[in-house]
Amino acid sequence: MTSDSSSAAISIQGLCKTYQVKGQAEDKRALDDVSFDVPAGSIFGLLGPNGAGKSTLINILAGLVNKTGGQASIWGFDIDAHPRNAKASIGIVNQEITFDPFFTPIETLEIQAGLYGVPKRERRSMELLRAVHLDDKANAYARTLSGGMKRRLMVAKAMVHAPPVLVLDEPTAGVDIELRQQLWAYVRELNQAGVTVVLTTHYLEEAEELCDRIAIINHGRLIANQPTRELVGMAQEKVVSVTIDRDLTQAPAAACFEKIALKGTRVLEITYRKNKVNAGEVLAAIADNGLGIVDVSTKEPDLEDVFLHLTRAG
Ligand SMILES: Nc1ncnc2c1ncn2[C@@H]1O[C@H](COP(=O)(O)OP(=O)(O)OP(=O)(O)O)[C@@H](O)[C@H]1O
């Protein structure tokens, strides 16, 4: 890392991207003033629904898409001022599988290392193939590899220049569970060896299990950026729906409610933290307001609910 940089492996400030769409009067705003840092040494999750702007962000870092505003630096190198150093500091595994099917895995890695100017004596092609359990396929045509093997080869390909930062864009989409576990074990190994990992995934349990920190993007805007345990902590929030015996125009208040909303005139939707109060105390607080309880239903959220809640609100 350069001496003037902080401990951020990636630093993004006010990043914007608008695409001009042919035949449409309005530009498409894919990223809208996005700022966050990826701490060096972390496994960082970038989540968001389809079309949220994740690929756009990653493609800007990769130098494949030009941003329309803001700044980004990788390992302390500004992508505009030091594009070559920035590029050398990052390895990216894209969603699409991209390599020549007529080359063997070992040739694929050697060619990639050549493209990055890695001297022959510093190349680690066989070591990389061993790491992704493809050493026995070193000399097979890439087209004969299974889908999972191709993905693993993509990871090895992204690592040929030993970048300090590795970005995995939906690497396990369509990959079976066993293989996913293998891939994650390798990601953990790389991380333990000091590589900062950024991954986008639709599998929330996966993000929860692997990532130290999670950022959520929705409609091009950053709507969460927290340590994973804090985000999961939000799932400590439980929601209870209480139907009461009379019409209200305003929801009552009580200290034990995190949030309360009046749905229609007779249903109160109360959010409370299950580590602070229990449902009995919540119901007692309603009764204390002089209200009779007709019906009660509860719902236990998980990270998926937190995600849906945040992305729907956005
Ligand atoms: N080249 C382009 N021209 C016009 N609009 C684009 C272009 N690329 C992406 N977009 C739009 O920008 C928005 C963000 O797209 P992006 O691919 O970054 O989302 P994403 O979060 O990566 O989604 P996914 O998970 O489906 O890959 C979408 O509305 C998309 O339609």
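A residue counts as near the ligand if its C-beta atom, placed from the backbone, lies within 6 Å of it. On that basis the ligand is surrounded by Tyr19, Val21, Lys28, Ala30, Gly48, Asn50, Gly51, Ala52, Gly53, Lys54, Ser55 and Thr56. The model is predicted. This briefing covers the ligand shell, strand E3 and two loop residues with positive phi.

**Ligand shell**

- Strand E2 (28-39) and helix H1 (54-61) are the elements that give two or more residues to the shell around the ligand.
- H1 provides the largest share, three residues.
- By class, the shell holds four nonpolar, six polar and two charged residues.
- Gly48, Gly51 and Gly53 are among the residues around the ligand, and Gly counts as polar in this scheme.
- Lys28 and Lys54 also belong to the shell, and Lys counts as charged.

**Strand E3: burial**

- How many of the five residues of strand E3 (residues 43-47) are buried? Five of the five are, so the strand is largely enclosed by the rest of the structure.
- The cut-off behind this is 20 or more other C-beta atoms within 10 Å of the residue's own.
- In a regular strand the side chains alternate between the two faces of the sheet.
- Ile43, Gly45 and Leu47 point one way from E3. Phe44 and Leu46 point the other way. All are buried.

**Strand E3: pairing**

- E3 is joined to strand E8 (residues 196-200) by four bridges, and the two run parallel.
- E3 is also joined to strand E9 (residues 213-218) by four bridges, again in parallel.
- Gly45 has a partner in each of these strands: Leu199 in E8 and Ile214 in E9.
- Gly45 is also one of the buried residues of E3.

**Positive phi outside glycine**

- Most residues other than glycine have a negative phi.
- Ala162 has a positive phi of about 45°, although it is not a glycine.
- Ala162 sits in the loop between helix H5 (147-158) and strand E7 (165-169).
- Is Ala162 buried, partly exposed or exposed? With 16 other C-beta atoms within 10 Å, Ala162 is partly exposed.
- His219 also has a positive phi, near 45°, and is a residue other than glycine.
- The loop that holds His219 lies between E9 and strand E10 (221-227).
- His219 has 16 other C-beta atoms within 10 Å, so it is partly exposed.
- Partly exposed falls between the limits of 20 or more for buried and 12 or fewer for exposed.

How values were computed
Residues numbered from 1 in each chain as written. Predicted model: local features only at pLDDT ≥ 70, side-chain atom pairs only at ≥ 80, totals over all residues. Pairing = 2+ DSSP bridges.
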